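Trainee: I would like to learn how to read a structure feature by feature. Where do we begin?

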Amino acid sequence: MKRLTTDVLVIGAGAAGLVSALELEGRDVIVIAKAPVGQGSSSSWAQGGIAAAVGKDDHPDHHKRDTLDVGVDLSCEAAAHVITHEGPELIEALINWGVNFDRTPEGELSLGREAAHSFRRILHAEGDSTGKEIMRALGQAVVRAPHIRLMQDGTAYELIVTDGRVVGAFVRQEDGQDVAVTAKAVIMATGGLGSLFGYTTNPVESCGEGLAMAALAGARMADLEFVQFHPTAIDVGVKPMPLATEALRGEGAHLIDGRGVRFMPSVHKDAELAPRDVVARAIWRRIKAGDKVYLDCRDAVGDAFKDRFPTVWAYCHDAGLDPATQPIPVTPAAHYHMGGIDVDLEGQTSLDGLWAVGEAACTGVHGANRLASNSLLEAVVFGRRVALNILEAELLDPQGTDDHMPQQAGALDLSDQLAAVMYGAANVERTEAGLFDALCQIAVWEEKLASFTPAFRNRLITAKMILACALERRESRGGHFRSDYPDTDAKQAHRTKTTLKEIDAFIRGLNLGATIKGTIQSCQTPA
């Protein structure tokens, strides 16, 4: 097996990983990217923008308050303070890296408003291509940086651990060859897990593998049950699903049912600008009842659509729709994971040698429900903090790694079946019986774990952890809604911290195959 060594290994090439790599000047850095930079990360798909209190009337304290309000009593106040108060400085850093944010005719930054923000503080680029522009600039900066080596079209699938310390990872290249990369420090920046679900706005590369890798190594996880479903994925039969950015609703677009009737004012005082979980459930319930839901932009945007929201316009045009004159069919889809690998305010995990950043990490800033456009902000703020922490740390040379080999694996991949199971059981509304059924299916699959590809094995582990945490939280809060426990329970206003070992013990105690909620479960291998 080919072996490489470096000071810092960054697994993932989204905004968080690239900012960390850029800020590690003076260290030798290898960045592992599943796809060419800018093509395989959720960061590059982000339309809505990046939030920061840079407006004349705004203040980081206002931004912090909005962030905490949406988190439904679970947000980490210290983490919220970090991203909101350091955010403006990182906006300047992005501009210095070459990001061209939209500006007013007077040259000021153009600021939009999105749901649950009390001020206009959303920075955009080319209307609705913010993530693409940020990734363009960061990608070019990385290519120019002499201290960074890019390994593109490679997938890390297992961490290398020596005496409880993470010292590298095994990486499978596109040609099927494996490479062992050892490092003094490892940063997990693998992004989200939307493609674990049958309906998602995320690229196929966002499948939660990094969480499984860290969990298998023994890292503590946090808040895994909280998955955010974006209310307005464009429902035109394309997968992954194109996104109708929330900025459209911020500009006055309305949600209507199949009869053309607007329904959100009767659901929430903020109507279409209610928190995402509220809007997603309102849409979900109408679709589940057999209705259709559309985003009507005709009056709010009209003929200016192509110029103001070119990305969404192109999606609609490709599907044969004219959003200036026709409502856009929408449905909720998995979009963002509030949970992840548990980290502190410097991005350190519970394992020596391992840091995590971006959507793969859980700083606690989002609580049970992410405030719109805070994800890119968290990625770049903590991307810098992780790098600074590693620069200040006393890093040890990896020892005794030459004889390490990855776990045995097969060639079977059931990702499509898993995505159907996850969307059926852990979607916008969840039930005890549905979650139990899904865990039962995963228990069957785990009996032949050695037959699966490393990638699917990791997806299976991450899915199992989400289902178990969702089953254990018997209340509804933010992105986690249990229709059998529809109320928010003040006694459960605490974050979930757990390990894979603890989750497996919990599942063993479920006695899969028993009667639950009057439904007989059967853990038989499907035909």
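Trainee: What is the volume of the largest cavity?

Mentor: About 70 Å³. Keep in mind that this is a predicted model. The search covered the whole structure and found 2 cavities of 30 Å³ or more.

Trainee: Which residues line the largest cavity?

Mentor: Read the lining in sequence blocks. Val 227, Gln 228 and Phe 229 line it, together with Asp 277, Ala 280 and Arg 281. Asn 369 and Val 428 also take part. Gly 478, Gly 479, His 480 and Phe 481 complete the list.

Trainee: Which elements give two or more residues to that lining?

Mentor: Strand β11 (227–234) and helix α8 (276–288).

Trainee: How do the lining residues divide by character?

Mentor: There are 5 nonpolar, 5 polar and 2 charged residues. Glycine counts as polar in this scheme.

Trainee: And what does the second largest cavity look like in the same terms?

Mentor: Its space is about 40 Å³. Among its lining residues are Val 70, Ala 115, Ala 116, Glu 246, Pro 275 and Arg 276. The lining also includes Asn 369, Arg 370, Leu 371 and Ala 372. This lining divides into 6 nonpolar, 1 polar and 3 charged residues. Note Asn 369: that residue lines the largest cavity and the second largest cavity.

Trainee: Back to β11. Is that strand buried or exposed?

Mentor: Mostly covered: 8 of its 8 residues are buried.

Trainee: How should I read its sheet?

Mentor: Start with the general idea. Strands of a sheet pair through backbone hydrogen bonds, either parallel or antiparallel. Then read the strand order. Here 4 strands form an open sheet, β11-β14-β13-β12, with antiparallel pairing.

Trainee: Which strands stand at the edges?

Mentor: β11 and β12 (254–257). Each has a single partner strand, so one side of each has no neighbour in the sheet. Ignoring direction, neighbouring strands are turned by 50° against each other on average.

Trainee: How many bridges join β11 to β14?

Mentor: 6 bridges, and the two strands run antiparallel. To place the register, take one pair: Ala 233 stands opposite Thr 331 in β14. Next, look at β13 (residues 293–296) and β14 (residues 328–337). They are joined by 2 bridges and run antiparallel. There, Tyr 294 stands opposite Pro 329 in β14.

Trainee: What is the order of the sheet of 3 strands?

Mentor: β3-β5-β4, an open sheet with antiparallel pairing. β3 (50–51) and β4 (111–112) are the edge strands. Each has a single partner, so one side of each is left without a neighbour in the sheet. β4 and β5 (residues 122–123) are joined by 2 bridges and run antiparallel. The bridge partner of Leu 111 in β5 is Leu 123.

Trainee: How do I read a hairpin?

Mentor: Check three things: the pairing, the register and the turn. β7 (residues 154–162) and β8 (residues 165–173) make a good case. They pair in the antiparallel sense over 8 bridges. Thr 162 stands opposite Arg 165 in β8. Their hairpin has 2 residues between the strands, and Asp 163 takes a positive phi near 50°.

Trainee: What about the hairpin of β8 and β9?

Mentor: 5 bridges join β8 to β9 (residues 178–188), and the two run antiparallel. The bridge partner of Ala 169 in β9 is Val 181. This hairpin has 4 residues between the strands. Gly 176 takes a positive phi near 90°.

Trainee: How many residues of β8 are buried?

Mentor: 7 of its 9, which makes the strand mostly covered. For side chains, recall the general rule: in a regular strand they alternate between the two faces of the sheet.

Trainee: Can we end with the whole chain?

Mentor: The secondary structure comes to 15 helices and 20 strands. The radius of gyration is 22 Å, close to the 24 Å that the globule rule gives for 527 residues, so the chain is as compact as a globular protein of that length. Along its principal axes, the C-alpha trace spans about 65 × 60 × 45 Å. Of the 527 residues, 59% count as buried.

Trainee: One residue to finish: where does Gly 210 lie?

Mentor: In helix α6 (residues 209–217). Gly 210 counts as buried, at 0% relative accessibility. Its C-alpha atom is separated by 25 Å from that of Gln 140, 70 residues apart along the chain.

Key. Residues numbered from 1 in each chain as written. Predicted model: local features only at pLDDT ≥ 70, side-chain atom pairs only at ≥ 80, totals over all residues. Heavy atoms only, no water. 1 Å grid on protein atoms, 1.4 Å probe; cavity = no way out; pocket = protein on both sides within 12 Å on 5 of 7 lines; lining within 4 Å. Points joined across faces, edges and corners; volume = space filled by probe spheres on them. Pairing = 2+ DSSP bridges. Axes fitted to C-alpha atoms, helices over the stretch in contact; angles between N-to-C directions. Rg over C-alpha atoms; globule rule 2.2 N^0.38 Å. Buried < 20%, exposed > 50% of the residue type's maximum accessible area, 1.4 Å probe, protein only.
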